[in-house]
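Here are my notes on this one, in numbered points. Have the model open while you read.

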Amino acid sequence: SLSRVATDANGDVVVIGEAPAGVVKKYSRAGALLWTRPIAVNYLNGLAIDASGSIFVAGNLATSMVTAAFDPAGNPLWSRTTPSATGATDLALGPAGEVYVGGAVLGVAQNRSLVAKFDTSGTAAWVRTYPGLQVRRLGVDRHGDVVCISGVSGIGGLDWRTQKISP
């Protein structure tokens, strides 16, 4: 099933989904399939394309977040695994090409939101946890500040927490 879609500067379309494992497909602007790349994950949940056309995806493999990068021709650039309770729930790019991936970790007293940051070559810069059940969506502003939306337990059910994280 399809989980995300994005377009590059040329108007080419990239889709991610499961068939039955993770798959990344790129189509030309005219709709012709350019390439298909399988990726060893249970599902893919994050997709972004940078200004040069490189493609970044994030998903779940067992109890880990998997983050991978491909060049515009579909050649693998790098792949990284980060321990996580939920796998990746979203992915966003920073102004200098940094890659941010959200998920969750299981805590002793409670679950916590997790954000991992990678540089453009896939080197892990940091992994941090924050209050919240798990990151649902990520955004990055032009200063590199990350905005996370995560679920929190509230009176009578689930509430949402929005927080800004400085780089």
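**Notes on the sheet and its surroundings**

1. Let's begin with strand E10, residues 99–105: six of its seven residues are buried, so the rest of the structure largely encloses this strand. Bear in mind throughout that this is a predicted model.

2. Where does E10 sit in its sheet? The sheet is an open one of four strands, ordered E9-E10-E11-E12, and the pairing is antiparallel. Strands E9 (90–93) and E12 (124–130) are at the edges; each has a single partner strand, so one side of each lacks a neighbour in the sheet. From one strand to the next, the twist averages 20°.

3. On one side, E10 pairs with E9 through four bridges, in the antiparallel sense. If you want a residue pair to look at here, take Leu91, which stands opposite Val101 in E10. The hairpin of E9 and E10 has five residues between the strands, and Gly97 there takes a positive phi near 90°.

4. How many bridges link E10 and E11? Seven, again with antiparallel pairing. Gly102 is a handy marker for this pairing, as it stands opposite Val115 in E11.

5. Moving on to the other edge, E11 (residues 112–118) is joined to E12 by six bridges, and the two run antiparallel. Here Phe118 has Ala124 in E12 as its bridge partner.

6. Now for Met65, which belongs to strand E7 (residues 64–70). Is Met65 buried or exposed? Its relative accessibility is 0%, so it counts as buried. Leaving aside residues up to four places away in sequence, Met65 touches a list of residues that includes Val101, Gly102 and Gly103, as well as Leu114 and Ala116. Val101 is the residue that Leu91 stands opposite, and Gly102 is the one facing Val115, so to speak, in the pairings above. Other contacts of Met65 include Gly59, Arg80, Thr81, Thr82 and Ser84.

7. One distance to go with that: Met65 and Ile55 are 10 residues apart along the chain, and their C-alpha atoms are separated by 17 Å.

8. Finally, the surface. Which residues make up the nonpolar patch there? They are Leu133, Ile149, Leu158 and Trp160, and together they have about 370 Å² of accessible area. Leu158 is placed in strand E15 (residues 157–165). With a relative accessible area of 48%, Leu158 is partly exposed, whereas Met65 is buried at 0%.

How values were computed: Residues numbered from 1 in each chain as written. Predicted model: local features only at pLDDT ≥ 70, side-chain atom pairs only at ≥ 80, totals over all residues. Heavy atoms only, no water. Pairing = 2+ DSSP bridges. Axes fitted to C-alpha atoms, helices over the stretch in contact; angles between N-to-C directions. Patch = residues over 30% accessible without salt bridge, like charges linked within 9 Å, V, L, I, M, F, W, Y side chains within 5 Å. Areas by Shrake-Rupley, 256 points an atom, 1.4 Å probe, with all protein chains shown as cover. Salt bridge = Lys/Arg side-chain N within 4 Å of Asp/Glu carboxyl O. Buried < 20%, exposed > 50% of the residue type's maximum accessible area, 1.4 Å probe, protein only. Contact = heavy atoms within 4.5 Å.
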